[in-house]
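Work through the exercises below with the sequence and the 3D view open. Try each task before reading its solution.

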Amino acid sequence: QKEEDIIYMDVGANIGSCVMQMLYSTNAKLIIFEPHPHNLQKLTSTLVAQPLEMRKRVALFPVGVGNKTSESLIYMAANNRGNSVVGTFVKDTDNPNQ
């Protein structure tokens, strides 16, 4: 199988660190999901700054992925966007009174 025929999926792509690693270290196509608006903005701005040939390999979906259709809140730690949880409040270690 050719590397350009491989498809990677990133469910919860966050701000795109793993996406960028896959883009620049492989020729694979990427299907990525990121529902959080703040992370999505950072991810999108990073992708837009890449060459067109790189961007063509990415399909970005601004939704969460799960086993049922539903709507839920996304909770994020105050100082760590990578610490996001769907449907459950995040206890922030910087603020133990939460």
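The exercises go from the whole chain to single residues, and the model they use is predicted.

**Exercise 1. Describe the overall make-up of the protein: how many helices and strands are there, and in what order do the elements run?**

Step 1. Count the elements: the secondary structure comes to three helices and five strands.
Step 2. Read from the N terminus on, which gives the order β-α-β-α-α-β-β-β.
Step 3. Add the dimensions: the C-alpha trace spans about 50 × 30 × 20 Å along its principal axes.
Step 4. Add the burial: of the 98 residues, 26% are buried.
Step 5. Add the surface: about 6800 Å² is accessible, and carbon and sulfur atoms account for 54% of that.

**Exercise 2. Work out the sheet: in what order do its three strands lie, and is the pairing parallel or antiparallel?**

Step 1. Place the strands: the order is S1-S2-S3, the sheet is open, and the pairing is parallel.
Step 2. Find the edges: strand S1 (7–11) and strand S3 (58–61) each pair on one side only.
Step 3. Give the twist, which averages 10 degrees from one strand to the next.
Step 4. Look at one pair: S1 and S2 are joined over five bridges, and Asp 10 has Ile 32 in S2 as its bridge partner.
Step 5. Place the helix: H2 packs on the sheet and touches S2 and S3. The direction of H2 makes about 160 degrees with that of S3.

**Exercise 3. Find the largest nonpolar core: how many residues has it, and which element gives the most?**

Step 1. Count the members: the core has eleven residues, among them Val 19, Leu 23, Ile 32, Leu 43 and Val 58.
Step 2. Sort by element: helix H1 (17–25), strand S2 (29–33) and helix H2 (37–48) each give two or more residues.
Step 3. Pick the main contributor: H1 gives the most, with four residues.
Step 4. Follow one member: leaving aside residues up to four places away in sequence, Ile 32 touches nine others by name, Asp 10, Ala 13, Val 19, Leu 43, Leu 47, Val 58, Ala 59, Leu 60 and Phe 61.

**Exercise 4. Classify Met 76: in which strand is it found, and how does its relative accessibility class it?**

Step 1. Locate the residue: Met 76 lies in strand S4 (residues 74–77).
Step 2. Apply the cut-offs: buried means under 20% and exposed over 50%. Met 76 has 28% relative accessibility, so it counts as partly exposed.
Step 3. Relate sequence to space: Met 76 and Thr 88 are twelve residues apart in sequence, and their C-alpha atoms are 9.5 Å apart.

Note on methods: Residues are numbered from 1 along each chain as its sequence is written. This is a predicted model: local features need pLDDT of at least 70, side-chain atom pairs count only at pLDDT 80 or more; totals for chains, interfaces and linings use all residues. Side-chain values use heavy atoms; hydrogens and water are left out. A nonpolar core is a set of buried Ala, Val, Leu, Ile, Met, Phe, Trp, Tyr and Cys residues joined through side-chain atoms within 4.5 Å. Buried means under 20% relative accessible area, exposed over 50%, partly exposed in between (1.4 Å probe, protein chains only). Contact means heavy atoms within 4.5 Å. Two strands pair if DSSP finds at least two bridges between them. Axes are lines fitted to C-alpha atoms, for helices over the stretch in contact, and angles run from 0 to 180 degrees between N-to-C directions. Accessible areas come from the Shrake-Rupley method with a 1.4 Å probe; for residues, only the protein chains shown count as cover.
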